[in-house]
Amino acid sequence: MERTEGIVYEADCRRFQFVTAASYLETGGHEACCGHMVKSSGLREWYKALLDSGRFTFNCPKCAKEWPWQEVRHLAQLSQEECRRYEEQLGRIMTEKMEMYRK
């Protein structure tokens with residue numbers, strides 16, 4: 001029997017938990033492009049923390065493969081309003097980074 005490894009972000013203690021029980025991921029679990037299963041609860045807080053710290057790339061916490069923004073939106077099940085806010089924040093971060101490199 002193949003063991004599925006899942007990734008769960010525990011927002012209250014700001015850490016990831018790696019689980020092997022597929023049943024834990026039955027509700028809210030999605031397969032990321034890297035093949036790891038991700039539970040969507042908690043991912044909103046993780047993405048927000050990354051954006052608040054000025055990061056604009058999202059990588060699998062297990063294998064470090066970069067997740068495209070479209071997938072991030074899907075994995076975290078972001079609402080249209082959340083997408084708009086996060087995309088505005090991403091735009092500001094990208095602009096700041098570009099300005100930093102021009103100096």
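**Exercise 1. Determine how many salt bridges a search of the whole structure finds, and characterise the one formed by E87.**

Solution. The search of the whole structure finds 5 salt bridges, a salt bridge being a side-chain nitrogen of Lys or Arg within 4 Å of a carboxyl oxygen of Asp or Glu. The structure is a predicted model, in which local features need pLDDT of at least 70 and side-chain atom pairs count only at pLDDT 80 or more, whereas totals for chains, interfaces and linings use all residues. Residues are numbered from 1 along each chain as its sequence is written, and side-chain values use heavy atoms, with hydrogens and water left out.

The partner of E87 is R73, and the closest N and O atoms of this pair are 3.1 Å apart. This pair links distant parts of the chain, since E87 belongs to helix α3 (residues 80–102) and R73 to helix α2 (residues 69–75), 14 residues apart; helices (H or I, at least four residues) are DSSP runs, numbered from the N terminus. As for accessibility, E87 is partly exposed at 35% relative accessibility, and R73 is likewise partly exposed, with 32%, where buried means under 20% relative accessible area, exposed over 50%, and partly exposed in between (1.4 Å probe, protein chains only).

**Exercise 2. Work out which residues are linked with R84 in a network of salt bridges, and how they are spaced in helix α3.**

Solution. Begin with E81, whose side chain meets that of R84 in a salt bridge of 2.4 Å, N to O. E81 and R84 are 3 residues apart in helix α3, and are therefore separated by about one helical turn.

Next, take E88, which forms a salt bridge with R84 at 2.6 Å between the closest N and O atoms; both residues lie in helix α3, 4 residues apart, about one turn of the helix. An α-helix has 3.6 residues a turn, so residues three or four places apart point the same way.

Combining the two steps, E81, R84 and E88 are linked in a network of salt bridges. Each member is partly exposed, with relative accessible areas of 39% for E81, 38% for R84 and 41% for E88.

**Exercise 3. Identify the buried residues of helix α1 and establish how they are placed around its axis.**

Solution. Within helix α1 (residues 43–52), the buried residues are L43, W46, Y47, L50 and L51. They cover an arc of only 135° around the axis, the arc being that of the directions from the helix axis to the C-beta atoms, and so they lie on the same side of α1. Finally, just after α1, G54 takes a positive phi of about 90°.

Key
Helices (H or I, at least four residues) and strands (E, at least two) are DSSP runs, numbered from the N terminus.
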